[in-house]
Amino acid sequence: MKIGLINFCYGHNYGAVLQCLALSRVLTSKGHDVSVIDYRPATATPQAFWQGWGLRSDPSLTKARVRWIELLHGASVRRGFSRFKASTMRFTEACTTVADVERVAAGFDAVVVGSDQVWNECFFERPVYFLGFPFRGKRIAYAACCGHAPTAAAQGSLESVRSWLRAFDSISVRNEVTCQFVTRCIGNTCDVVADPTLLCDYSSDIKAPAWRSDKGYIISYVLGKEIHGGNSAAISLIRRQLGDLPTVAVSSAAHLPDLSPWADRRIYDADPGEWLGWFASAEFVYTNSFHGLLFALILQKPFLAYYSEEERADRLIDVATRYKVDKFLVKSVADVADLAAGVGTAPDYRQVSAAIRAHATHSLAFLKQALE
């Protein structure tokens with residue numbers, strides 16, 4: 001079967017690209033002819049160099065420092081992502097409008113939307129992620145996510161969303177909050193499946209870091225707000241338990257770069273393979289990212305994950321509970337302190353792996369049935 005994928009692969013977010021690669025590989029391994037529909041919305045265009053400095057609105061100059069990082073390293077990281085994607089996946093021609101996507105999608109037997117937050121309320125008025133255009137093939141959602149329950153402000157857009165969801169032949173989602181969202185919209189329940197990253201072997205994609213520490217290191221991968229009490233304080237507590245290991249902060253200069261002033265090294269231009277390498281070689285993972293948490297599990301690392309933003313809480317709580325690692329999910333520096341000597345202790349990865357394998361088996365069965 002000829003299958004097109006629609007997700008956030010246009011971006012420079014490590015999880016977004018690696019989940020797309022995973023789904024492409026899984027479907028290809030089942031004998032399908034898979035391409036990523038290269039949808040690039042207007043918002044994906046980099047800002048002009050004079051934009052985004054926040055000099056009037058941000059007296060602390062934090063935005064200006066972040067903008068400087070984007071300008072220094074953005075072109076390099078974009079080139080790295082482009083090389084990685086071109087060497088690992090097949091893409092259609094670039095699409096910038098719904099009409100472009102409709103025309104390209106017509107050449108496929110099925111289109112699969114997902115994974116990632118393709119059904120977040122900020123996309124309720126974008127038909128592409130809901131396949132809200134004429135298409136005669138199978139419409140499938142795999143591990144789609146809304147991020148969090150829609151707010152009151154998004155209620156006015158739900159009627160279109162309902163009609164688009166009803167047109168799907170098969171729907172699966174990534175967590176319970178999205179399952180509840182789908183049920184409220186169209187009255188049907190749906191399968192909760194594993195993120196594609198949990199179905200894939202990345203061993204051939206890992207690039208060893210050029211820098212190594214004799215003692216090992218803590219990797220920090222942070223998107224958005226700090227933990228309550230501050231990341232510097234949390235990292236200090238973790239280092240105290242782990243023998244004062246150095247900290248390497250990795251983030252994409254083209255996607256929410258984090259200043260991480262407390263880190264010993266800051267990496268802003270890693271491509272996805274290099275990002276995997278920094279994770280694989282670390283002694284410990286500190287993150288508030290959904291995929292940061294998943295790759296800690298995949299690579300069987302000791303870790304702490306945190307959430308301080310409502311939009312991250314549901315996703316992280318769901319995966320931590322589902323794979324039996326909720327002990328290692330915290331909300332504040334006080335929670336880190338309460339763990340005390342437990343910091344640095346790895347989860348029971350025999351139990352974790354068994355839960356992931358069972359979920360992966362269920363997820364592959366969904367894909368098989370959806371594509372029959």
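Modeller: When we count charges, Lys and Arg go down as positive and Asp and Glu as negative, while His and the chain ends are not counted. The place of each charge is NZ of Lys, CZ of Arg, CG of Asp or CD of Glu. By that count the protein chain has 40 positive and 37 negative side chains, and the centres of the two sets lie 2 Å apart. Keep in mind that this is a predicted model, where local features need pLDDT of at least 70 and side-chain atom pairs count only at pLDDT 80 or more, although totals for chains, interfaces and linings use all residues. Residues are numbered from 1 along each chain as its sequence is written, and side-chain values use heavy atoms, with hydrogens and water left out.

Colleague: What makes the protein chain as compact as a globular protein of its length?

Modeller: Let's start with its parts: 11 helices and 13 strands. (Those are DSSP runs, numbered from the N terminus: H or I over at least four residues for helices, E over at least two for strands.) The radius of gyration is 20 Å, close to the 21 Å that the globule rule gives for 372 residues, so the chain counts as compact as a globular protein of that length. The radius is taken over C-alpha atoms, and the rule is 2.2 Å times the number of residues to the power 0.38. For a feel of the extent, the C-alpha atoms fill a box of roughly 60 × 50 × 45 Å along the principal axes.

Colleague: How do you know how much of the accessible surface belongs to carbon and sulfur atoms?

Modeller: Accessible areas come from the Shrake-Rupley method with a 1.4 Å probe, and for residues only the protein chains shown count as cover. The chain's total comes to about 15,800 Å², and carbon and sulfur atoms hold 50% of it.

Colleague: Why is Asn120 called buried?

Modeller: Buried means under 20% relative accessible area, exposed means over 50%, and partly exposed is in between (1.4 Å probe, protein chains only). Asn120 has 10%, so it counts as buried. Across the chain, buried residues make up 57% of the 372.

Colleague: Which residue does the side chain of Asn120 make a polar contact with?

Modeller: The partner is the side chain of Gln117, at 2.9 Å. A polar contact needs a pair of N or O atoms within 3.5 Å; within protein, one must be able to donate a hydrogen and the other to accept it, and neighbours in sequence count only if both atoms are side-chain atoms. The 2.9 Å pair fits that limit. Asn120 is in the loop between strand S4 (110-113) and strand S5 (138-144). Leaving aside residues up to four places away in sequence, Asn120 touches Cys145, Cys146, Gly147 and His148, where contact means heavy atoms within 4.5 Å.

Colleague: What makes the phi of Asp116 stand out?

Modeller: Its phi is near 90 degrees, a positive value in a residue other than glycine. Asp116 belongs to the loop between S4 and S5, and its relative accessibility of 10% makes it buried. Leu131 is also in the S4 to S5 loop, and this non-glycine has a positive phi of about 55 degrees. With a relative accessible area of 2%, Leu131 is buried. Look at Gly114 and Ser115 too: the peptide bond joining them is cis, with omega about 0 degrees.

Colleague: Why is helix H8 called largely enclosed?

Modeller: Helix H8 covers residues 290-298, and 8 of its 9 residues are buried, so the rest of the structure largely encloses it. Among the buried ones are Phe290, His291 and Leu294. His291 has a relative accessible area of 6%, which puts it in the buried class. Its contacts, beyond four places in sequence, include Gly15, Asp116, Arg174 and Trp275. At the start of H8, a side-chain oxygen of Ser289 reaches to within 3.2 Å of the backbone nitrogen of His291.

Colleague: Is Asp335 buried, exposed or partly exposed, and how do you know?

Modeller: Its relative accessible area is 25%, between the two cut-offs, so Asp335 is partly exposed. Asp335 lies in helix H10 (residues 333-339).

Colleague: Why does Pro150 count as buried?

Modeller: Its relative accessibility is 17%, below the buried limit, so Pro150 counts as buried. You'll find Pro150 in the loop between S5 and helix H4 (158-166), touching Glu121, Phe124, Gln155, Phe181 and Arg184 if residues up to four places away are skipped.
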